[in-house]
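Work through the exercises below with the model open. Try each task before reading its solution.

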Amino acid sequence: MSFDNPRRKRESLHDAVRHDFEEETNVRFRPVRWFFVALTVALVVGLVFWAVGWLTQPLRTASGVRERVANPDNVLYQYEHYFDLCAGVRAIDSKIDAKEAEIAAYDKRHPNGDPSDQYQAAPKRDRLDTELTGLQQQRADLVETYNADSAKANRALFKDHSLPERLSDDTPTCN
């Protein structure tokens, strides 16, 4: 950039840079227009990426679900989950049987109630019934969890075929 020309001496630095740029490149110096062109290109590229992401969302979702469900840790957890629930139901069944036997033995020993219970807040027979009810409710919770998980497609895939489809009072054990 030279300032030999007197006309150019009166020009500002910006004008001098602009003039030199236009002489050397044969391109008009329009930075505001270039800025808007760059902004438009960036917006178009952004919209294209957004559209591609939106269009491929179902494929990415299906792939993500498949990877998550088929994860080896998940498969082992789900497989063992059913056996754990069944073992819990069997354990509760044993406790219910033991509690019923304890109630029967109590009723046999004290057909008219235990006379020492008169000083208790609740008679022993009532306490035994409450414990039995609690065990039955705990069993019902485990059974409902088992049945709900059996209905879930992502969990039922990994249930062992030797286990029952559903549990109820008709299926007292998980064998």
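Three exercises follow, on a helix, the cores and a surface patch.

This is a predicted model, where local features need pLDDT of at least 70, side-chain atom pairs count only at pLDDT 80 or more, and totals for chains, interfaces and linings use all residues. Residues are numbered from 1 along each chain as its sequence is written, and side-chain values use heavy atoms, without hydrogens and water.

**Exercise 1.** Find how far H4 reaches from its first C-alpha to its last.

Solution. Helices are DSSP runs (H or I, at least four residues), numbered from the N terminus. H4 has 38 residues. The expected span is 1.5 Å times one less than the number of residues, here 56 Å. H4 reaches 55 Å, close to that value.

**Exercise 2.** List the residues of the largest nonpolar core.

Solution. Start with the term: such a core joins buried Ala, Val, Leu, Ile, Met, Phe, Trp, Tyr and Cys residues through side-chain atoms within 4.5 Å. Buried means under 20% relative accessible area (1.4 Å probe, protein chains only). The eight residues are Tyr 82, Leu 85, Cys 86, Val 89, Val 143, Tyr 146, Leu 163 and Leu 167. Helices H4 (72-109) and H5 (124-151) each supply at least two of them. H4 gives the most, with four. A second, separate core has seven residues, including Ile 92 and Ile 103.

**Exercise 3.** Name the residues of the nonpolar surface patch that includes Phe 35.

Solution. Locate Phe 35 in helix H3 (residues 31-69). The patch joins Phe 35 with Val 32, Phe 36, Leu 39 and Leu 43. Patch residues have over 30% relative accessible area and no salt bridge (Lys or Arg side-chain nitrogen within 4 Å of an Asp or Glu carboxyl oxygen); nonpolar side chains are joined within 5 Å, like charges within 9 Å. Together the five have about 520 Å² of accessible area, by the Shrake-Rupley method with a 1.4 Å probe, where only the protein chains shown count as cover.

Methods. Buried means under 20% relative accessible area, exposed over 50%, partly exposed in between (1.4 Å probe, protein chains only). Helices (H or I, at least four residues) and strands (E, at least two) are DSSP runs, numbered from the N terminus.
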